[in-house]
Amino acid sequence: MPQPSWKVNEIFYSIQGEGRHTGMPAVFVRLAGCSMNCPFCDTKYAAREGQTMSAAELLKALSAWPAKAVIITGGEPTEQDLPALIAVFKNAGYQVHLETNGAKDTDVSRADFVCVSPKRYVSAQMLKKADVIKIVVGQETDLEDLQKYYAYENAKTQIYLQPESNKQENIDLCVKLLKNHPSARLSLQMHKLANIR
């Protein structure tokens, strides 16, 4: 029986620069491939480039660093066998965080933390599974459409607004929106401000 494998763009050790876990050291596993092709994507290179890796190869790569937190990102992780990948990391004792656009409803029940960042379309079921719904906000954002995500807020799920590219006009827009919806939070890309890889 063939062993599962994943197309991986890169693996690196850094500091989480966004959202609820800003400042947390973690190993980032960036999967390759994404069918969205969003114009503001800051990791377009991951949509195409990658190498196939087995579970054993992934765990060997992760063992080079002391952190026991893994952040699966992309590209778009749900376009590969994500439940199996989460299981590989969980069975090896890692805390698993996921960043996804949420377009495809996927079993993420074993993940410790799920961040859904909706783009052109998103699964309502994935929004219900999110710990954080991270909305990228720019000058072209449909602000009325954005408000539909507030309905998914509850004791588990929180809304984060992230200014596109950390531009000041987008930060100002996020602050204005947050003042009208104070249960949400601002998420700057601190790794870019601090020039952290």
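Which strands does helix α1 lie across, and at about what angle does α1 run to β3? The close-ups below take that up along with the rest of this predicted model.

**View 1. Helix α1 over one end of the strand list.** Here's the answer to the opening question: α1, made of residues 55-62, lies across β1, β2, β3 and β4. Its direction is at about 90° to that of β3. For orientation while you zoom in, β4 covers residues 69-73, and β3 takes up 51-54.

**View 2. The open sheet, strand by strand.** Nine strands make up this open sheet, and the pairing in it is mixed. Walk across and you'll meet them in the order β3-β1-β2-β4-β5-β6-β7-β8-β9. The edges belong to β3 (51-54) and β9 (185-186), each of which pairs on one side only.

**View 3. β1 alongside β2.** These two run antiparallel, and seven bridges hold the pairing together on paper. β1 spans residues 5-15, while β2 spans 25-31. If you want a landmark, look for I15, which stands opposite P25 in β2.

**View 4. β8, covered on both faces.** How many of the six residues of β8 are buried? Six of six are, so the strand is mostly covered; the cut-off for buried is under 20% relative accessible area. On one side sit Q158, Y160 and Q162, and on the other I159, L161 and P163. Both of these faces are covered.

**View 5. The neighbours of β8, and the helix over them.** On one flank, β7 and β8 run parallel, joined by six bridges. In that pair, V132 stands opposite Q158 in β8. β8 also pairs with β9, again in the parallel sense, over two bridges. There, L161 is found opposite L186 in β9. To get from β8 to β9 the chain goes through α5, and this β-α-β crossover is right-handed. Helix α5 (residues 168-180) lies across β7 (132-137), β8 (158-163) and β9, and it runs at about 155° to β8.

**View 6. N166, in the loop that leads into α5.** N166 is part of the loop between β8 and α5. Is N166 buried or exposed? It's buried, because its relative accessible area is 14% and the cut-off is under 20%. Setting aside residues up to four places away in sequence, N166 touches I171, L188, Q189, K192 and L193. One of these, L193, is 27 residues away along the chain, with 8.2 Å between the C-alpha atoms of N166 and L193.

**View 7. The largest pocket.** About 930 Å³ of space is what you get in the largest pocket. Its lining counts 42 residues, and the closest to the pocket centre are R30, C41, D42, T43 and G74. Two or more lining residues come from each of β1, β2, β5 (95-100), β7, β8 and α6 (190-193). Which element gives the largest share of that lining? That would be β1, with three residues.

**View 8. The largest cavity.** The model has one cavity of 30 Å³ or more. The largest cavity comes out at about 90 Å³. Around it you'll find Q16, E18, G19, R20, H21, E99, F113, C115, V132 and K134. Strands β6 (113-116) and β7 each chip in at least two residues of this lining. V132, one of the lining residues, is also the residue that stands opposite Q158 in β8.

**View 9. T73, tucked into β4.** T73 lies in strand β4. Its relative accessibility is 8%, so T73 counts as buried. Leaving out residues up to four places away in sequence, T73 touches F28, V29, R30, L31 and E99. Two names here may ring a bell: R30 is listed among the residues closest to the centre of the largest pocket, and E99 is one of the residues lining the largest cavity.

**View 10. N37, out in the open.** Where does N37 sit? Look in the loop between β2 and β3. N37 counts as exposed because its relative accessibility is 61%, and the cut-off for exposed is over 50%. Neighbours within four places in sequence aside, N37 is in contact with K44 and R120. F12 is 25 residues away along the chain, and the C-alpha atoms of N37 and F12 are separated by 23 Å.

Conventions. Residues are numbered from 1 along each chain as its sequence is written. This is a predicted model: local features need pLDDT of at least 70, side-chain atom pairs count only at pLDDT 80 or more; totals for chains, interfaces and linings use all residues. Side-chain values use heavy atoms; hydrogens and water are left out. Two strands pair if DSSP finds at least two bridges between them. Helices (H or I, at least four residues) and strands (E, at least two) are DSSP runs, numbered from the N terminus. Contact means heavy atoms within 4.5 Å. Axes are lines fitted to C-alpha atoms, for helices over the stretch in contact, and angles run from 0 to 180 degrees between N-to-C directions. Buried means under 20% relative accessible area, exposed over 50%, partly exposed in between (1.4 Å probe, protein chains only). A crossover is right-handed if, with the strands pointing away from the viewer, the path from the first strand over the helix to the second runs clockwise. On a 1 Å grid over the protein atoms alone, a cavity is a set of points where a 1.4 Å probe fits but cannot get out, and a pocket is an open set with protein on both sides within 12 Å along at least five of seven lines; lining residues have an atom within 4 Å of a point. Grid points are joined across faces, edges and corners, and a volume is the space filled by probe spheres set on the points.
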